[in-house]
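Reader: I've got a model open on my screen and a few labels I'd like explained. Can we go through them?

Author: Sure, let's take a look.

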Amino acid sequence: MTDEQPTNDHDASGDNPSPELTTWGVGPWQGDWPEGVGEPGSPFDAELLANGDTRNVLDHYRYWSMEAIVADLDSQRHKYHVAIENWQHDLNIGSIVRTANAFLAAEVHIIGNRRWNRRGAMVTDRYQHVRHHPTVEDFVEWTRTCGLGAGGGALPIIGIDNVPGCQKIEEFDLPEACVLLFGQEGPGLSQQALDASDAILEITQFGSTRSINASAAAAITMHCWIEQHVFKRR
Ligand SMILES: C[S@@+](CC[C@H](N)C(=O)[O-])C[C@H]1O[C@@H](n2cnc3c(N)ncnc32)[C@H](O)[C@@H]1O
């Protein structure tokens with residue numbers, strides 16, 4: 001695919017959202033509306049209360065405006081970021097965005113083509129900050145200057161790929177503030193991305209396949225971070 005093909009892609013800024021997917025939901029609010037609807041500080045959305053809420057959100061967020069949900073998530077986001085190289089419009093990106101939303105990553109970074117296939121995101125990209133970097137160089141520059149690493153320093157880049165010389169993720173202490181960098185199906189991480197990584201980690205495999213699916217690898221890796229920093233299992 002080229003960068004010009006529209007299909008289900010949109011740009012990483014989220015400027016071009018497609019209609020919300022309907023999954024399951026609730027009908028119009030029954031009884032008296034919650035106090036303060038329409039006033040500053042109320043999370044409730046009058047249109048959702050009147051018409052029902054069929055969005056793919058936790059019950060806790062039913063009838064909340066999108067802005068109120070994002071603000072609530074922003075107040076509790078974890079300190080790890082997720083990045084993926086996007087040179088060939090990898091179909092895994094949507095699924096990685098969805099997992100990043102589920103595990104409350106600080107931000108998802110798309111390196112390479114701005115457009116990405118959002119189908120697997122199931123609209124979670126509306127609640128997840130997604131930032132685009134045209135080149136690995138731009139991405140590295142951002143990690144060095146963002147001030148989001150330990151003590152306000154650079155954000156360490158943790159490359160995730162099973163390449164010669166890598167370490168085992170199961171034996172590695174992931175930094176609390178870091179960016180977990182994934183490669184795309186086929187080539188895996190580019191040499192430039194490998195060179196830019198402060199550490200390169202593999203998820204130990206036991207079968208015959210060379211690798212697992214990139215979005216599966218991203219889900220496992222994010223959960224490793226959760227195990228270490230939320231459940232303190234190391
Ligand atoms: C198809 S794999 C890449 C290939 C791999 N280096 C090879 O030898 O074929 C695509 C991406 O999924 C992730 N991945 C897949 N399996 C992995 C594993 N066992 N450990 C770490 N990352 C993995 C990595 O981010 C990788 O860049």
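Author: Keep in mind that this is a predicted model.

Reader: Okay, start with V123. Why is V123 called buried or exposed, whichever it is?

Author: The cut-off for buried is 20 or more other C-beta atoms within 10 Å. V123 has 22 of them within 10 Å, so V123 counts as buried.

Reader: And what makes M122 buried, exposed or partly exposed?

Author: Exposed takes 12 or fewer and buried takes 20 or more. M122 has 16 other C-beta atoms within 10 Å, in between those limits, so M122 is partly exposed.

Reader: Where is M122, and what is its phi?

Author: M122 sits in the loop between strand 4 (115–117) and strand 5 (130–133). Its phi is positive, about 50°, although M122 is not a glycine. V123 is in the loop between strand 4 and strand 5 as well, and has a positive phi of about 70° without being a glycine.

Reader: How do you know which residues of domain 1 and domain 2 touch, and how many are there?

Author: A contact needs C-beta atoms within 7 Å. By that rule, 10 residues of domain 1 are in contact with six residues of domain 2. On the domain 1 side, they divide into six nonpolar, two polar and two charged. Domain 1 covers 15–76 and domain 2 covers 77–229, with their C-alpha centres 30 Å apart.

Reader: What about the ligand: which residues come nearest?

Author: G183, G188, S211, A214 and A217, out of the 17 residues around the ligand. That shell has eight nonpolar, five polar and four charged residues.

Technical notes: Residues are numbered from 1 along each chain as its sequence is written. This is a predicted model: local features need pLDDT of at least 70, side-chain atom pairs count only at pLDDT 80 or more; totals for chains, interfaces and linings use all residues. A residue is near a molecule or strand if its C-beta atom, placed from the backbone, lies within 6 Å of it. Ala, Val, Leu, Ile, Met, Phe, Trp, Tyr, Cys and Pro count as nonpolar, Asp, Glu, Lys and Arg as charged, and the others, Gly among them, as polar. Helices (H or I, at least four residues) and strands (E, at least two) are DSSP runs, numbered from the N terminus. Domain bounds come from an automatic or database domain assignment. Two residues are in contact if their C-beta atoms, placed from the backbone, lie within 7 Å.
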